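Let's take a walk through a protein model together. Keep the structure open beside you, and turn it as you read.

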Amino acid sequence: MLDRFLNDRRNPSRDEEGAALLSVVILMVVMFVICASLQMTLVNAVQLTAMHRSSVTTLAAAESGTAVAVFSLTKGECKDTAVTGDGFVYEVHRSASATIPSGLNDPSVSAGCPRDGDRYALIKSTGTDTYGKSMTVTQTYLWVNKVKGSNDGALTSGSGNVELSSLTIAEEDAGLVLLDGDFNCNTNTRIKGDVVVLSGSVRISNACVIDGSLFASENVAIQNPAVAVTGDVFTLGNFSTASGSVIGGSVYAQGDLVLSSGTRVQGGVVGAGTGLTNVDNVNIGLSLRTNGPLRVQNKTVIGGDVATTNTATADFFDSTIHGNVHIAGTFQQLGATTIGGSVTVSGAGANNIAPSTSIDKNLTVAGTIATWDSGPRVTGTKATNTATAAPNPVFFLLPDELKPETYSWRDYTYDDLEWAANGYDRVGKTACDLQNSPALVREVNERETPTVYDLRGCSTVNMNAVTFSLKTDVAFIANAFTNAQQVRVKSADGEPHEFSLLTPDSVVDRTPSCSNGQGESNIYGLTMSEKITGYIYTPCVLTFGGGSIINGQLYSGAARYQGGQPMTLNYAKTGVPGFPLGEGEDPREYGFQTDVDARALPKLVKHEEG
């Protein structure tokens, strides 16, 4: 027994065979686990790939729908209802919220294309793949106006009388607009462009020259014995001149016309009112037509026809008329006058026509002729007791400049988003003593991107005698620029830059509203170098003058000119982000192709998926 046991110990082959069998079993198990794992990994990879492909496909389809929606908005072809395309469906929503909407469930959001007054366009687009999987993307875009708009004209005053002296408003099409108040143009003032006084009278004296046309709702008195207006004059009131006044165009008046000795009107004269038209030693280049009683005398020369619809007696003496004469009444006197055309008298009664009168064509009267000696010289036919129709009533169409809808106060309300849409950074300040803060002035001068400084948190703004050397466009927003006297602005890099001072009008009512906390701005002595242009806006009083050189535009609730040293306002139509466009004004005037193109799309401000 013992020998057998010892023999088995000396022969280990049987133990080795068992161990090998166990190893094979273990290896088979491991291989099985590895194969199973590989299979599971492969399956998961296939599933993940399919899911990724579906996600990519649906996202691409959704973004494709968004792109189509943005394109339709920029072309003005937006639809208020859902639009279906190749693999996508999109809807457009709108919001007038002052801040970015939280999403489609924001109370400010409603379905449909953005309208005037809206600030955001929200596009919800859902993309779907061939397996029915879908993804929704919602993107929010700015919809604010990116037009840097402005008004026409170099100087606009909303209310109050304006008196100017020693002021030059230069550059073509500059001009001046007074919405309410009288205008007194005085000592050595020269205004290039038209002057429009919508509710007030005009007095021109002491070498004031309007190098354009004049439009006034009330009386116009020219007291300048030289060239006063180089263009036309339109007034809904009376018109009168001093001796030696010169009008380069025509005169249109609804009231009385009194042209004093030596006056020269290079165009014609139209008196649409029934008041007296008195022409004394005057030179009129074209015709004279009026609805009022007519007196022409003392070496007056008229280059065209003369007509009056008034049935009162007319008085012509010692004058020359190169055209025809037609009166609805009769002649109290027609003496020592040369008429190059025909004379027609439509009123019944006697006409006193002196032998010293010469008529190159026909004389036709509805009544009789009272004369002496051989009577007037008439080259053509002479007929009495011959009825003729009276002249047609005299009128002139109200020019667009005097229509209420053409010029009205534009309420400018500051909006951060509109400035951001135009590439401006906003910087707020609560300490605004720039005169005594070199660091703040240095900060402004070192800005290299367009910047708007919001100073409305300051109780006062002091810029007295500050010099700005700009490397970019800079604008200041404040409740009042109480002391911006003797400010100097120049370009630090030799490039053109803008410098604007703006006090917003927060009450949108088409009238200047100087609200509580706002006040007068004083820019007396402000000087800009030739590379700087700017826009000055306030609904309050704006005081200016004192040798200033301003390149740009002034727009104020009330303009107060203080004179002093001669001032120059070089008109340059600048732009302010968000400035409201005028009635009928086209964004294409500002370089945009369409009104929609003038919006701040496609500036994305928010993106959501899911």
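We can begin at a single residue, Val233, which you will find in strand E19, made of residues 233-235. Please keep in mind as we go that this is a predicted model. Is Val233 buried or exposed? With a relative accessible area of 0%, Val233 is buried, because buried means a value under 20%.

Who are the neighbours of Val233? Leaving aside residues up to four places away in sequence, Val233 touches Leu214, Val220, Phe239, Ile247, Ser250, Val251 and Tyr252. Pick out Val251 from that list and compare two kinds of distance. Along the sequence, Val233 and Val251 are 18 residues apart. In space, their C-alpha atoms are 4.8 Å apart.

Now zoom out to the whole chain. How many helices and strands does the protein chain have? There are 4 helices and 56 strands. The chain holds 610 residues, and buried residues make up 48% of them. Contacts tell us about the chain too: among those with a separation of 6 or more, 37% are between residues 24 or more positions apart.

With so many strands to follow, let's choose one sheet. Look for the open sheet of 10 strands, whose order is E8-E11-E14-E17-E20-E23-E26-E29-E32-E35 and whose pairing is parallel. Which strands stand at the edges? They are strand E8 (162-164) and strand E35 (331-335). Each has a single partner strand, so one side of each is left without a neighbour in the sheet. From one strand to the next, the twist averages 5 degrees.

Inside this sheet, try finding one pair of strands. Strand E17 (residues 220-222) and strand E20 (residues 239-241) pair in the parallel sense, over 3 bridges. To see how they line up, find Ile222, which stands opposite Thr241 in E20. While you look at strands, here is a handy general idea: in a regular strand the side chains alternate between the two faces of the sheet.

Next, travel to the edge strand E35 and look just before it. In the loop between strand E34 (325-327) and E35 sits Ala328. Ala328 counts as buried because its relative accessibility is 8%, and the cut-off for buried is under 20%. Not counting residues up to four places away in sequence, Ala328 touches Thr308, Thr309, Asn310, Thr311, Ser346, Gly347, Ala390 and Pro391. You can also locate Thr313: Ala328 and Thr313 are 15 residues apart in sequence, and their C-alpha atoms are 8.8 Å apart in space.

For a change of direction, visit some antiparallel strands. Strand E2 (residues 88-95) and strand E4 (residues 120-128) run antiparallel and are joined by 8 bridges. One place to spot this pairing is Phe88, whose bridge partner in E4 is Gly127. E4 also pairs with strand E5 (residues 134-142), in the antiparallel sense and over 9 bridges. Here Ser125 stands opposite Val137 in E5. E4 and E5 form a hairpin, with 5 residues between them. In the turn, Gly132 has a positive phi of about 85 degrees.

Our following stop is strand E54, residues 567-571, which is mostly covered: 4 of its 5 residues are buried. Which strands can we find paired with E54? One is strand E9 (residues 167-170), which pairs with E54 in the parallel sense over 4 bridges. Another is strand E53 (residues 549-561), which runs parallel to E54 and is joined to it by 4 bridges. Asn570 is a good residue to mark in E54. Ala170 stands opposite Asn570, and Asn570 is also the bridge partner of Asn551.

Let's finish with some empty space. How many cavities of 30 Å³ or more does a search of the whole structure find? The search finds 1. About 40 Å³ of space lies in the largest cavity. Its lining is formed by Trp419, Tyr424, Asp473, Val474, Ala475, Glu498, Phe499, Ser500 and Gly575. The elements that give two or more residues to this lining are strand E47 (474-477) and strand E49 (497-502). The largest share, 3 residues, comes from E49. By character, the lining residues divide into 5 nonpolar, 2 polar and 2 charged.

Notes:
Residues are numbered from 1 along each chain as its sequence is written. This is a predicted model: local features need pLDDT of at least 70, side-chain atom pairs count only at pLDDT 80 or more; totals for chains, interfaces and linings use all residues. Side-chain values use heavy atoms; hydrogens and water are left out. On a 1 Å grid over the protein atoms alone, a cavity is a set of points where a 1.4 Å probe fits but cannot get out, and a pocket is an open set with protein on both sides within 12 Å along at least five of seven lines; lining residues have an atom within 4 Å of a point. Grid points are joined across faces, edges and corners, and a volume is the space filled by probe spheres set on the points. Ala, Val, Leu, Ile, Met, Phe, Trp, Tyr, Cys and Pro count as nonpolar, Asp, Glu, Lys and Arg as charged, and the others, Gly among them, as polar. Buried means under 20% relative accessible area, exposed over 50%, partly exposed in between (1.4 Å probe, protein chains only). Contact means heavy atoms within 4.5 Å. Two strands pair if DSSP finds at least two bridges between them. Axes are lines fitted to C-alpha atoms, for helices over the stretch in contact, and angles run from 0 to 180 degrees between N-to-C directions.
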